[in-house]
Amino acid sequence: MNRAPTSATTELMFLRLVADSFTRRPRRKVLTAAALSLGMAVVTAALSVSLDVGDRLASEFRSLGANLIVTPQADSLPLEIGGVDYRPVNAGAYLPEADLPKIKTVFWHNNIVAFAPVLQTTVKTARWNRETQELENPAEAVLIGTWVGHGVKLSDGGVFTTGIDRTNSWWTVDGHWFVDGRRECVVGVKAAARLNLRPGDEVSVNVEDPSKMVQLFTPLTVTGILSTGGDEDNAIVTSLDQTQKISRLSGVYRTLYISALTKPEDEFGRRDPATMKPAEVERWMCTPYISSIAASIKEVLPGTDVRVIRRVAEGEGTILTRVRALLWMVTLAALLAAALAVGASSAASVIERRTEIGLMKALGAGSGTVGFLLAAEQLLLAFVGGGIGYSLGIVLARLVGQRIFGIAPAPSMLVLVAVLVLAAGVTLLGSAIPMRRASRYEPAPILRGE
Amino acid sequence: MGAPGAQNRQMFWRIVRRLLTANRGRLFVILLALGAGAAVTSALLNLQVDAKRRITTEFRAFGPNVLVLPKNTSLSDSGTLPETIAHSVPANLPSGRVVVTSHLYFVAAVSAPESGKSIAAVVAGTNPVIFVKASLLPAPPRADTPTALPPSTRRECVVGAKVARLLNAQQDAQLALTIGDRRETCQIAGFLQIGGPEDDRVQIGLRAAQRLADLPGRISSLELIVPGKPSEIQTYITELQHELPDADVRPIRQFTDAQTKIYGRISGILNFTIGTVLVLTALCVMAAMTNVAMERRNDVGLMKAIGGATRRVLRLFLAEAALLGLAGGVMGAAAGIFLSVWLGKQVFGVAAQPRLIVYPVAVALTMIVAILSAYPLRRLAGVRPASVFRGEA
């Protein structure tokens with residue numbers, strides 16, 4: 001009966017052989033698949049966390065506070081020692097508060113996490129004694145006007161809430177912050193001790209007006225005690241509009257602090273855009289380097305100096321680059337280990353099938369057919385194992401992300417593709433060497449058991 | 001009948017040797033899996049110890065994190081401290097050296113004879129003076145490599161960018177600083193634009209500043225860069241405050257708070273990833289090993305057929321697994337040394353110091369994994385020789 005096998009029966013036989021090898025020795029296949037899944041789970045978790053961690057850490061670094069400072073270009077030289085500006089009251093230039101919403105119109109507006117304008121002045125303080133109807137305890141203090149939880153109306157109709165509580169997250173208030181529009185303030189720890197103030201007390205402040213005979217004091221209710229660990233501990237902090245009224249400087253501020261998410265500067269980012277070719281300038285503008293964000297802010301706020309607070313920006317850049325590199329290295333090591341273990345286990349699964357291969361060859365299968373059959377099996381295993389590993393890894397990455405940052409990394413299709421490709425590559429590579437040897441087997445000695 | 005025990009032992013090791021060398025392909029595969037696991041284990045354990053220490057030193061990039069100020073400063077009079085206070089600051093910590101700089105701040109008239117301009121500016125007397133050339137910016141003044149000027153050879157000053165702009169001052173030009181009838185001159189060594197108050201100041205040597213302000217031996221503040229973990233810095237501050245009761249020692253919370261937070265996150269990530277990678281690597285190796293062990297049915301069947309007791313057969317395989325674990329572990333740990341040195345170089349630019357304790361731990365872990373992987377062989381105890389030889393599964 002010399003019937004040439006039709007292609008349909010060959011295919012059927014092929015599928016049957018593959019299915020048979022899975023059902024006949026399920027435990028071994030399960031073990032190989034388990035090795036594969038675990039390996040790929042490591043890879044998935046490590047890749048997901050590494051992809052995500054840069055952004056997460058970058059936003060953690062914003063707890064360092066502002067990395068950009070905006071001052072008037074025409075400003076005179078600040079004479080600031082220990083947080084007190086020794087300039088005469090009317091010296092220096094100011095910036096218009098009305099321009100501030102424009103900051104959220106720049107190209108990088110989504111990267112601008114928070115900003116806070118500051119107007120600072122030296123004031124005379126006193127306390128109003130209700131019984132004697134007189135001002136007591138005259139002293140001097142620094143008055144800082146700024147925003148806290150201030151809603152900025154944007155041109156697109158939205159409201160962006162920002163303020164010094166968002167830029168300087170290390171500022172803590174015992175009590176509560178002042179409210180915009182009310183005559184309230186918080187007092188720095190040291191100033192509170194010096195001026196003997198407690199929450200609920202009232203402090204009257206005044207910026208001397210030489211044109212008036214009678215000096216008007218503005219009473220402010222203390223709503224909390226501020227602790228910053230900086231010079232602000234010695235100051236009274238109130239809302240920007242109150243400070244403007246008290247210092248009779250309406251609608252202006254002097255310094256603006258901006259906290260922006262950035263990409264650490266590399267060689268390219270440090271170059272001066274003036275020396276770049278047009279294509280390079282475009283690339284520079286389209287990368288959130290701190291310097292390109294500064295340049296775009298300067299464009300919308302004319303007459304300002306936008307400076308990078310190097311201490312914050314450089315420190316952040318160094319550490320972020322290091323940590324990112326560290327995690328990629330860990331990921332790489334995990335990848336390597338997983339690949340080797342998976343490769344080893346698929347190699348083992350081919351080695352053990354010497355007799356089977358011998359039998360197939362004795363029955364007339366060519367080396368090509370045998371190789372193809374084994375490769376198909378391995379690939380099937382790789383996709384199943386890779387898929388299971390991916391889902392395991394995603395769960396793991398979620399756990400890690402949730403524990404550390406409180407936010408789980410989003411599952412990424414890129415990782416899935418990478419994992420499946422890696423799984424297929426590693427299993428094929430792992431079984432390639434034993435398969436090559438298998439193709440050279442002589443069936444007779446194997447079947448004889450030699 | 002003198003030494004059946006010795007003979008037995010001899011036979012035991014002979015069989016183990018045969019088991020190991022019978023199939024070189026398989027031996028290679030097992031060693032590869034175990035070695036890879038051991039290499040990654042030792043490299044990651046090493047990196048985990050090393051990386052945390054290095055990350056804390058990276059936080060130095062933020063500059064000073066602790067201030068020492070005069071106590072009870074009122075608003076108008078900022079007060080001063082004796083200069084000698086710098087000597088009572090402990091400089092060596094287990095986590096590294098504390099960098100101490102002394103500062104004296106005051107306002108003086110600054111004039112540039114070449115441009116004929118004059119302004120009032122804050123002068124900072126600094127010891128040691130950290131010189132940063134304008135061209136080097138935006139690299140921050142690295143606190144660990146201060147280029148101190150030998151005192152009284154040349155008088156140099158570093159001028160904030162804003163001061164320089166207002167004075168129209170050029171590199172190497174002369175500046176005159178005056179307070180009343182006291183006068184000092186200096187040569188501009190460089191400009192500073194770092195987005196801080198330094199941009200509005202002139203920095204000169206502490207001695208010249210003290211002469212100019214007529215405050216010999218006095219300083220306004222000490223700035224310290226304290227290395228170490230957040231908890232170590234806090235302990236240092238408490239101890240220093242205890243030692244300097246006349247001064248106010250305080251952390252610059254902007255940086256210490258952020259450091260606490262960020263350090264916590266980073267070490268959390270490292271612990272988690274390294275932990276999961278280690279556990280899963282062990283599981284991977286185990287699965288690969290188990291697969292290999294399963295094919296030993298025939299050997300077990302034969303041994304039992306010629307009278308091997310189940311216990312002895314098992315012991316044989318466990319010895320084989322332990323030997324494999326040892327060999328794979330040692331080879332892997334050796335590779336791990338190179339891997340961790342390379343990783344350290346890639347990440348921190350400095351080779352990670354190999355911690356010797358890590359390697360025995362990695363080898364031991366590998367052996368445990370190898371022996372545990374042989375555990376499924378217990379099932380082989382139930383193998384019936386006859387059915388194996390009949391070719392039944």
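In which hand does helix 8 of chain B pass helix 9 of chain B: left or right? Keep that question in mind while we get our bearings, starting with how far the model can be trusted.

What you have above is a predicted model. The predictor gives the complex an ipTM of 0.72 and a pTM of 0.76. Chain B averages a pLDDT of 78, and 83% of its residues score at least 70. Among the elements of chain B, confidence is highest in strand 11 (residues 218-219), at 90, and lowest in helix 10 (residues 385-389), at a mean of 70. One stretch deserves a cautious eye: over residues 131-152 of chain B, pLDDT stays under 50. The model does have 42 contacts beyond four places in sequence for that stretch. Still, where pLDDT is low, predicted coordinates should not be read in detail.

Now for the overall build of chain B. This chain has 10 helices and 13 strands, and buried residues make up 45% of its 393 residues. Take the contacts in chain B with a separation of 6 or more: 81% of them are accounted for by residues 24 or more positions apart.

Back to the opening question. Helix 8 of chain B passes helix 9 of chain B in a right-handed crossing. The two axes come within 8 Å and cross at roughly 145°. On the side of helix 8 of chain B, the residues making the contact include L318(B), A321(B), A322(B), L324(B), G325(B), G328(B), G329(B), G332(B) and G336(B). Helix 9 of chain B answers with residues including Y359(B), A362(B), V363(B), T366(B), M367(B), A370(B) and S373(B). By class, this contact between helix 8 and helix 9 of chain B has 14 nonpolar and 7 polar residues, with no charged ones.

A shorter stretch to follow is helix 4 of chain B, residues 206-213. Its buried residues are L206(B), A208(B), A209(B), L212(B) and A213(B). Because these residues cover an arc of only 160° around the axis, they sit on the same side of helix 4 of chain B. What do the buried residues of helix 4 of chain B pack against? Their partners are strands of chain B: strand 5 (99-112), strand 6 (117-127), strand 8 (174-179), strand 9 (182-192) and strand 10 (201-205). Right after helix 4 of chain B comes D214(B), with a positive phi near 60°.

From here, step across to the partner chain. In the interface, 72 residues of chain B are in contact with 72 residues of chain A. Several elements give two or more residues to the side of chain B that touches chain A, among them helix 2 (24-58), strand 5, strand 6, helix 3 (161-167) and helix 8 (310-348) of chain B. The most comes from helix 6 of chain B, with 26 residues. Sorted by class, this side of chain B has 45 nonpolar, 16 polar and 11 charged residues.

A few residues of chain A are worth a visit too. Two of them stand out for their backbone. Most residues other than glycine have a negative phi. N196(A), however, is not a glycine and has a positive phi of about 55°. N196(A) is placed in the loop between helix 4 (189-195) and strand 11 (202-206) of chain A. Since N196(A) has 11 other C-beta atoms within 10 Å, it is exposed. R248(A), likewise not a glycine, has a positive phi near 55°, and its place is in the loop between helix 5 (240-247) and strand 14 (252-253) of chain A. With 9 C-beta neighbours inside 10 Å, R248(A) counts as exposed.

S204(A) lies in strand 11 of chain A and is partly exposed, with 19 other C-beta atoms within 10 Å. Beyond its neighbours within four places in sequence, S204(A) is in contact with T125(A), A126(A), R127(A), W128(A), L135(A), F217(A), T218(A) and P219(A). S204(A) and L399(A) are 195 residues apart in sequence and 53 Å apart in space, C-alpha to C-alpha.

Finally, look at E299(A), found in helix 8 (residues 290-300) of chain A. This residue counts as exposed, with 12 C-beta neighbours inside 10 Å. E299(A) and V106(A) are 193 residues apart in sequence, and 8.5 Å separate their C-alpha atoms in space.

Technical notes: Residues numbered from 1 in each chain as written. Chains lettered and ligands numbered in written order. Predicted model: local features only at pLDDT ≥ 70, side-chain atom pairs only at ≥ 80, totals over all residues. Helix = DSSP H or I, 4+ residues; strand = E, 2+ residues; numbered from the N terminus. Buried ≥ 20, exposed ≤ 12 C-beta atoms within 10 Å, placed from the backbone. Arc of directions from axis to C-beta. Contact = placed C-beta atoms within 7 Å. Nonpolar A, V, L, I, M, F, W, Y, C, P; charged D, E, K, R; others polar. Axes fitted to C-alpha atoms, helices over the stretch in contact; angles between N-to-C directions. Left-handed = near helix turned anticlockwise from the far one by under 90°. pLDDT = per-residue confidence, 0-100.
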